[in-house]
Amino acid sequence: MKNVFFPLFILFGVIASGFVVVKTDKNEKKFTEDLIPDSAVFSSTGRNTYFILEPGYRLVLKGMDGKDSSTLIITVLNETKKVGGIETRVVEENESVNGRTIEISRNFFACCKNNNSIYYFGEETDLFDKDGNKIPGKDSWLATGNNKPGLQMPGLVLLGARYYQEIAPGIAMDRAEILSTDNAFTTPSGTFKNVLKTEETTPLEPLEKEYKLYAPGIGLIKDEGLVLVQYGFVN
């Protein structure tokens, strides 16, 4: 792609010229793999309609699974990490069940100034047993070597877009499809309009599907059984 070229996605997976397409067989939907513009300029701080990458921004989602209460706290840290020569912003996800932390991941994102898209450069994941002992997560990866950055949230959102969010063969290959952009959804934090709905899949686990909702100017408001209960900037 040429510089300052916005990713164009066309319904049913017809991909704009210049994109590399990943396809495992003739019946599988096509997902774009290479969405970074030529001469891309990245910043560790930025935002677009559905993703805020600014230090201090926090989302808190909660939900019930039977008798168990789950909480997911997503915090944009005042911390950066260089991945493959790109300075990325660290976003921490803290997942707990019944008040006990079971997983903490440090995710690395950067905003492309060319197209206002947010790219994903990897994660470092730690799991915790019932005694609080740390166990390195198997999903950790960085966009170096054979791995490449994925597209977390496009700056230009179009119905039917299909793209890889993680490109670490054999480790993490999450991908998303934009299903709709005109939903309304109510959480304890309020009622949101023009909500973006995505379906996430991975060729590593072909039978699994997850659905997420994003609100304009807010970000993630629903992740499977978890819904937004609090958002905003913290000190």
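Contacts between residues 24 or more positions apart make up 48% of the protein's contacts with a separation of 6 or more, where contact means heavy atoms within 4.5 Å. This is a predicted model, in which local features need pLDDT of at least 70 and side-chain atom pairs count only at pLDDT 80 or more, while totals for chains, interfaces and linings use all residues. Residues are numbered from 1 along each chain as its sequence is written, and side-chain values use heavy atoms, with hydrogens and water left out.

**Overall make-up**

The protein has 22 strands and zero helices. Helices (H or I, at least four residues) and strands (E, at least two) are DSSP runs, numbered from the N terminus. Of the 235 residues, 46% are buried; buried means under 20% relative accessible area, exposed over 50%, and partly exposed in between (1.4 Å probe, protein chains only). The accessible surface is about 11,800 Å², with 50% of it belonging to carbon and sulfur atoms. These areas come from the Shrake-Rupley method with a 1.4 Å probe, and for residues only the protein chains shown count as cover.

**Strand E21 and its neighbours**

Let us turn to E21. This strand covers residues 219-223, and four of its five residues are buried, so E21 is largely enclosed by the rest of the structure. Strand E20 (residues 210-215) runs antiparallel to E21, and four bridges join the two; strands pair if DSSP finds at least two bridges between them. One of the partnerships links Ala 215 with Gly 219 in E21. The hairpin of E20 and E21 has three residues between the strands, and Gly 217 takes a positive phi near 75° there.

On to the next strand. E22 (residues 226-233) is also antiparallel to E21, with two bridges joining them. Lys 222 has Val 227 in E22 as its bridge partner. E21 and E22 form a hairpin with two residues between them, and Glu 224 in that turn has a positive phi of about 55°.

**Salt bridges**

The structure holds eight salt bridges, each being a side-chain nitrogen of Lys or Arg within 4 Å of a carboxyl oxygen of Asp or Glu. Three of them are listed here, including the separation of the closest N and O atoms.

| Lys or Arg | Asp or Glu | Closest N and O atoms |
|---|---|---|
| Lys 134 | Asp 126 | 4.0 Å |
| Arg 162 | Glu 177 | 3.4 Å |
| Lys 212 | Glu 200 | 3.4 Å |

Arg 162 lies in strand E16 (residues 162-164) and Glu 177 in strand E18 (residues 175-187), so this pair ties together parts that are 15 residues apart in sequence. Both Arg 162 and Glu 177 are buried.

The pair of Lys 212 and Glu 200 ties together parts 12 residues apart in sequence, because Lys 212 lies in E20 and Glu 200 in strand E19 (residues 190-201). Lys 212 is buried at a relative accessible area of 13%, and Glu 200 is buried at 7%. Elsewhere, Glu 79, Lys 81, Arg 106 and Glu 124 are joined into one network by salt bridges that share partners.

**Around Pro 136**

Lys 134 counts as exposed at 55% relative accessibility, whereas Asp 126 is partly exposed at 23%. Pro 136 belongs to strand E13 (residues 134-136) and counts as exposed, at 65% relative accessibility. Leaving aside residues up to four places away in sequence, Pro 136 touches Thr 125 and Asp 126. Pro 136 and Thr 125 are 11 residues apart in sequence, with 6.4 Å from C-alpha to C-alpha.
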